[in-house]
Each structure stands twice: as C-alpha cells, then as structure tokens.
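Morning, everyone. Let me put the structure up, and then we will walk through how the pieces meet.

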Protein chains: 2
Amino acid sequence: MAKLDLSTEEKIKDAAKKIFLEKGFGSATTRDIAECAETNIALVNYYFRSKEKLFHEIFRESFAETFMPVARILNDNLPLEAKIYKFVDHMTELLKRDPLLPMFVLSEMRGENSKMCELLTEMQAEEQNQFQQQLEEEAAKGNIRKTDFNQVEASLMAMVIFPFISMNMIKMKKNLTTEEFYRFVDERKKAIPEMILTFLRDRA
Amino acid sequence: MAKLDLSTEEKIKDAAKKIFLEKGFGSATTRDIAECAETNIALVNYYFRSKEKLFHEIFRESFAETFMPVARILNDNLPLEAKIYKFVDHMTELLKRDPLLPMFVLSEMRGENSKMCELLTEMQAEEQNQFQQQLEEEAAKGNIRKTDFNQVEASLMAMVIFPFISMNMIKMKKNLTTEEFYRFVDERKKAIPEMILTFLRDRA
DNA sequence: AAATATTTTAAACATTTGTTTAATTTTTTT
DNA sequence: AAAAAAATTAAACAAATGTTTAAAATATTT
C-alpha cells in the first residue's frame, strides 16, 4: 500500500471518507474511522475537532470538488451532441471511481431539515444554466424538439446516476460482479445519449 | 387526527416507519420512535422485541408489500405502450404517497455486506420477466427497435424513481414547494413514456 | 543540547442509546 | 367480583460512542 507514507491527517481523512460513504453519518463511528486509519480515536478529534466537522469537510469536498466540476460540463461551450456524450462519459467515469458518492450525498439530504441542505445552497448559489439556454436555442432553430428543460435534465441525471445508487440491487438481481456492473454502465455511455438525442431529434 | 384510535402497536409501527424513512436505521433511535408514537421506549420493545426486528418488519413491508406490487406491473399482460404508461403512473402515485421509500430501501443496501441484501434475495427470488420477453417479441416483429433490455429497464426505473431520491436537492435547486414538485413528477407521467417510446419506435 | 512545539497514546468522562426489570394500571376471563 | 392476562410506566442497566484529559514520545526550533 502506498498509503503508508501519508500523513496521519490524510490517513484519517481517507478512512473517514471510506467509512462515511459506506455507512452514512449515523452508522459510522469515530472508532470505525480510527481503526480504518490505523490510529486511535483521540487523533480523529485532534485533527478534526469533532465527528461532525470531519463529516462536513468530506461532504463538502465530495460534492463541491468532485461532483460539481463534472456536473458543470453541461455548461461547457460545446455542441449539444458532443456535450451530452462528454457529460455521460465523464460522470460515469467519476462514479466508477466513487460509486457510493451519490448515495452518500443524497442520503444525508432526506428530511427537509437536514443540515446538509443549507450547505448545498451556499455551494451552488451562483450556478448559471447555459445548458437550458442551449436547448431552447436549438429548439428555436428547429434542430431539436421543443421540450421542458427540467424534464430532460432530470431524465439525463437520473439515467446516469441512478444505476450507481441502486448498484447493489442491480448486482444482486442480475447476478453481476463489480466488473460486469462497470461494463453495464460503460454501455450506458452510448445508450443514454442515444435515447436522449433520439428523443430530442424526433420533432413531435 | 384519526390516528388517536389506533392500537398502540400500530401507532408505534407508524411512528417507526416515519422515523426510519426520514433518518435511516443508524440515525433513528428508539426514543425518537417512542416519542413520535406518544408512548415510552419500553413499549417499543414490548411489541417488537428490538429495534432491529422492528426495522426488518418495516423494511419488508415497504419493499415487498408496497414497492414490489407496482414494480410487477411490468409483468402484466398489457400492450407495450399501455403498460409503460400504467407503470409510470402507478409508480409515481405510489412514490408521491411515500416519497422517502426508495431512499429508505436503497440506502440500507450500500456496502456489499448489508444485512438487507439477503432479505431482498429471498423476496424477489422467483420473479419472472415477462417485460423482457415482450420487448424482444415486439422487436422481432419489427414494431420497435432492437435494444438491450437491461438498459431500457434501468433507464425507465431511473427516470421514475430518481427524482424522489433527489427530491430535496431538486426542490432546493429549483425553489419548489412540495406541491410544485409533485406537479413536476406528474408531468413526468407523460414525459417519461414519451421518451422511452419515441426511442423504441425509432428503428435505428 | 536545551527548550519548545507537535504528535501520539492510553485512559477516563459524559452522553446517548438499546434493552430489561419490576411494579402499576387496565383489560379480559372465569 | 375475583383472578388472570395484557398493557403501560418509570427507572435502571449495560453497552456503545463522541469527546476530553493528561502524560509520553517525537519532531522542531533556538
């Protein structure tokens, strides 16, 4: 393992990410994390003050620094078709690296009053929406069907992300190994854009 | 409240469902549940033996008795188009009644070793797949495109269920009230079948 | 090399939490 | 109405868990 020469702080953070993503905030314990980082529980609080602070740091990094940059591909300056292919491809590769990330983020947001909700409002405060504008322009030009942007966006996100959220369910039901599951989502890199684009190009 | 004349056992179960769905097993406490049911913690164990037993009962009911019957619509004996519309409609209505249900079920299944995984294998042991056969037959007849069934199934499930999993995220990002969100998923009752069927009918 | 700061450890603390006990009240049966 | 069973309550218990303390070890600075 190359992890042996990481600083203690980094080892704890890596361990915490692993544990939190696997179990969620409620079911993860500082002792889990300390053991996984091969240190003791006092060090966890020494470096991060509290379980909650540590969680917030990992949550923020996972969302703001990992997920959002890829999600922002939809605001890139690219032709529609290339953009959708690029988004699905990059998001899929990200999620193959971090398959528990969507469940981690979203499961901490259930219940209206979740503390994570506020955190997210700050993060994505200033987001523009070039993608919506692009769809509307292409529709105005007659290149694609006129659609409700929110519906298309929701479907696109759903098709890419949901398989990872239900990964274990899919693996169980279809009897897939992790490699086979990854082959399945790789195939979706073509299947998803195909479905979206076929729909958009079919002027109703 | 009509709940006042429920038996204590039923009040506890209702409360437990509410709390478990909101917080998940790990973050829910017996004291939460007792308070929500307006009784004391001893009663929870008096009727259900343990927190885990109570959870299992609710998990099984939620999945086997609530979710699966609607999912089985895909195996009904119905024309393809009608079936997809019916499935999306019924599933959406179910999830509007119980919006936290998908996150509840799926969040307890992360980590390969989750105890819920075994439970699920038993439940859906004997499932046939009339829907797959139907898609293959219609493709053979030339009525629809030849496709990978698993991809279509995954996309259909994703488009219906994912909005509820990311409900709070969507409500926050788009500034929606619950009513507005429900209007949004109601619109998807048309949008989702339209996208799937447009894709299937477009023989590549 | 001494002094200082940083990191690490083991133990203890305080709270939370799942569970149980034993007594009391209420309901049902005889 | 008496006896038995079931339901309810308050309190206690034991284990788990987030956090802190104080001392020891290590690294850094002077």
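Start at Y46(A): an N or O atom in its side chain is 3.0 Å from a phosphate oxygen of DNA strand C. That is a polar contact, meaning a pair of N or O atoms within 3.5 Å. N40(A) also has one, with a polar side-chain atom 3.2 Å from a phosphate oxygen of the strand. From chain B, T30(B) uses a backbone N or O atom, 2.7 Å from a phosphate oxygen.

A word on the model. It is predicted: local features need pLDDT of at least 70, side-chain atom pairs count only at pLDDT 80 or more, and totals for chains, interfaces and linings use all residues. Residues are numbered from 1 along each chain as its sequence is written, chains are lettered from A and ligands numbered from 1 in the order written, and side-chain values use heavy atoms, without hydrogens and water.

Now, which residues come nearest to DNA strand C? T8(A), L43(A), Y47(A), T30(B) and K51(B), out of 15 around the strand. Here, near means a heavy atom within 4 Å. Of the strand's atoms within 4 Å of the protein, 54% belong to sugar or phosphate, the rest to bases.

Which helix gives the most to this surface? α3(A), with four residues. Helices are DSSP runs (H or I, at least four residues), numbered from the N terminus.

Last, the two copies. A rotation of 180 degrees, with 0.0 Å of shift along its axis, superposes chain B on chain A, RMSD 0.1 Å. The fit is least squares on C-alpha atoms of residues with pLDDT of at least 70 in both. The copies are thus related as by a two-fold rotation axis.

Conventions:
Polar contact = N/O pair within 3.5 Å; in protein donor to acceptor, adjacent residues only side chain to side chain. Helix = DSSP H or I, 4+ residues; strand = E, 2+ residues; numbered from the N terminus.
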